[in-house]
Number of protein chains: 2
Amino acid sequence: MAVVTDFMAEALSLAGQAMAAGEVPVGAIIVSPDGDIIARSENRMQRDNDATAHAEILAIRQAISVLGTSRLVGCDLWVTLEPCAMCAGAISHARIRRLYFAASDEKGGAVEHGPCLFNQPTIHHKPDLYGGISEAPAKQLLRTFFATKRG
Amino acid sequence: MAVVTDFMAEALSLAGQAMAAGEVPVGAIIVSPDGDIIARSENRMQRDNDATAHAEILAIRQAISVLGTSRLVGCDLWVTLEPCAMCAGAISHARIRRLYFAASDEKGGAVEHGPCLFNQPTIHHKPDLYGGISEAPAKQLLRTFFATKRG
């Protein structure tokens, strides 16, 4: 089983790939209960021409397909940016055990910001939350991307 | 262009199909700015073995594929149940113009209940909202389905 920090490094590497392809740099991986990476994905909104093609959604769909189970019980999701409401909702539906994220997202995040979805009494499943892991490199990637766009 | 009530009738028909297949009866359609139905979908969580395969998500993906555009600007979504946070988030990302829904969902809804997502200051796009359309038959379908399950 890879050590914990390797998982976010892998997600950051995927975020870097996304940036190289002109996408907002966000990467995600899903780790099985045995500690294996069963899904690797990155933001593909531009390439898939789909405003809902966020890294987390693609990773969840991929992991469901790999495991052949409707839900991802006991699986952990690592993502380089605080999930939005759509992705946080999908994480809850999929019964992700632990959610690790790097950069916080004041504008679009729905875990620590906005609706704080997992604190809502109507949420059916709440993963354990671990924010701020490798936050500096994740934020740096995003800053670099948006500076390029503005330049 | 079909009259407005026909659109929810179409979504209800899809919900009925879902129920016949053993799914929680929820149906959705998306109507283009010209008034054409460009996506028809129903809940497929059981059949696709995917906890995120809600009718709205499938309809949005279908419409994006049909139109070849990343977002669904000017399109309207009709769904037989108040959307959850995942679907409401996707509706916002896709820039749906108007959201029409039938039955309200006190337990899992995220439009009029729980996080009331479209009232959050961090939401980037809020559709016009029309709840309670054809609520009685939509609720009846859901009641019938859950009564069968309990029976």
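**Exercise 1. By what turn and what shift along the axis can chain A be laid on chain B, and with what RMSD?**

Before we start: this is a predicted model, where local features need pLDDT of at least 70, side-chain atom pairs count only at pLDDT 80 or more, and totals for chains, interfaces and linings use all residues. Residues are numbered from 1 along each chain as its sequence is written, chains are lettered from A and ligands numbered from 1 in the order in which they are written, and side-chain values use heavy atoms, with hydrogens and water left out.

Step 1. Superpose the copies by least squares on the C-alpha atoms of residues with pLDDT of at least 70 in both.

Step 2. Read off the result: a turn of 180° and a shift of 0.0 Å along the axis lay chain A on chain B with an RMSD of 0.0 Å. That's the relation of a two-fold axis.

Step 3. Look for the C-alpha of chain A nearest the axis: it belongs to Met86(A), 1.9 Å away from the axis.

Step 4. Check the contact residues (contact means heavy atoms within 4.5 Å). Of those in chain A, 100% recur in chain B, so the same surface serves both copies.

**Exercise 2. Work out the strand order of the sheet in chain A.**

Step 1. Pick out the strands, which are DSSP runs of E with at least two residues, while helices are runs of H or I with at least four; both are numbered from the N terminus. Two strands pair if DSSP finds at least two bridges between them.

Step 2. Follow the pairing: five strands give an open, mixed sheet in the order S2-S1-S3-S4-S5. Strand S2 (37-42) and strand S5 (128-130) of chain A are the edges, each pairing on one side only.

Step 3. Zoom in on S1 (residues 27-31) and S3 (residues 76-81) of chain A, which pair in the antiparallel sense over four bridges. Here Ile30(A) stands opposite Leu77(A) in S3(A).

**Exercise 3. Describe how H2 and H3 of chain B pack.**

Step 1. Fit the axes as lines to C-alpha atoms over the stretch in contact, with angles running from 0 to 180 degrees between N-to-C directions. H2 (residues 55-67) and H3 (residues 85-93) of chain B then pack at about 25°, their axes 9 Å apart.

Step 2. Name the partners: Glu56(B), Ile57(B) and Ile60(B) of H2(B) meet Met86(B), Cys87(B), Ala90(B) and Ile91(B) of H3(B).
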